[in-house]
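User: Please take a close look at one helix of this protein and tell me how it sits among its neighbours and within the whole fold.

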Amino acid sequence: MFRIIGKSLIQLVVSLAIMGVLLLGPAGTFEWSRAWWFFIVFVLAIVIAIVVLAKVNPEIFAARSRIQPGTKLWDYIFITLVIGGFIAILPVAGLDFRFGGANAPDWVVWLGYLVFIVSFIGQTWPQAVNRHFEPGVRIQEDRGQTVIDTGPYAIVRHPGYISGSLLAISIALVLGSWWALIPVAVVVVGLVVRTIFEERTLRAELPGYTEYTQRVKWRWVPGIW
């Protein structure tokens with residue numbers, strides 16, 4: 001477990017360096033308190049998630065380390081849109097701050113942190129119960145994929161997508177940038193459309209998934225969709 005945690009922490013450091021360049025570079029300054037508080041909370045959340053997942057589902061780290069062979073070709077479009085949208089949030093917020101924006105009221109920032117915490121729980125919980133939580137859409141015959149209907153999957157069919165959308169929204173809010181909600185929209189729309197495509201694949205190719213959709217009727221939000 002300690003080797004897994006150590007490797008993940010190294011990856012976290014590299015990710016933080018990249019995020020720092022993407023956010024503070026366009027901002028043109030290191031004197032942006034909301035950015036630094038975001039980094040602090042982000043690190044704490046990631047470390048907690050790493051420790052939890054290393055204990056309850058350590059194989060998820062290898063599963064999510066890369067896009068696995070057999071990922072559907074159409075999914076590369078959505079992977080690009082979603083990752084690109086997430087990446088774009090940071091420089092857009094940085095430029096917003098640089099040119100006198102990113103000044104949403106404090107209550108918006110606090111709301112953003114509340115959403116951020118909920119989204120991280122919503123990302124960690126599915127990964128804790130679903131060993132098939134890979135970054136790409138494929139039928140994992142090599143890993144004996146089965147339908148997961150426990151934990152959050154007993155409530156909605158795609159908890160990782162709704163929590164991913166909330167995470168994108170929260171980042172824009174904690175940085176106080178309204179303009180950053182534009183790439184957030186790209187992330188959310190990409191995940192919504194990806195859900196539709198993924199559902200078609202799972203219904204057609206994963207035994208038991210159609211029956212699962214009859215038990216758990218909602219894709220994202222109970223009573224809405």
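Analyst: Among contacts (heavy atoms within 4.5 Å) between residues at least 6 apart in sequence, 80% join residues at least 24 apart. This is a predicted model, in which local features need pLDDT of at least 70 and side-chain atom pairs count only at pLDDT 80 or more, while totals for chains, interfaces and linings use all residues. Residues are numbered from 1 along each chain as its sequence is written, and side-chain values use heavy atoms, with hydrogens and water left out.

The part chosen here is helix α7, which covers residues 181-205, where helices are DSSP runs of H or I with at least four residues, and strands are runs of E with at least two, numbered from the N terminus. Its 25 residues reach 35 Å from the first C-alpha to the last, close to the 36 Å expected, a span defined as 1.5 Å times one less than the number of residues. Buried residues of α7, meaning those under 20% relative accessible area with a 1.4 Å probe and protein chains only, include Pro183, Val184, Val187, Gly190 and Leu191, and also the charged-type residues Arg194, Glu198 and Glu199. The buried residues of α7 pack against α4 (75-98), α6 (159-174) and α8 (209-215).

As for the whole fold, the protein has eight helices and zero strands. Its radius of gyration, taken over C-alpha atoms, is 18 Å, close to the 17 Å that the globule rule (2.2 Å times the number of residues to the power 0.38) gives for 225 residues, so the protein is as compact as a globular protein of that length. Buried residues make up 46% of the 225 residues.

Definitions and conventions:
Buried < 20%, exposed > 50% of the residue type's maximum accessible area, 1.4 Å probe, protein only.
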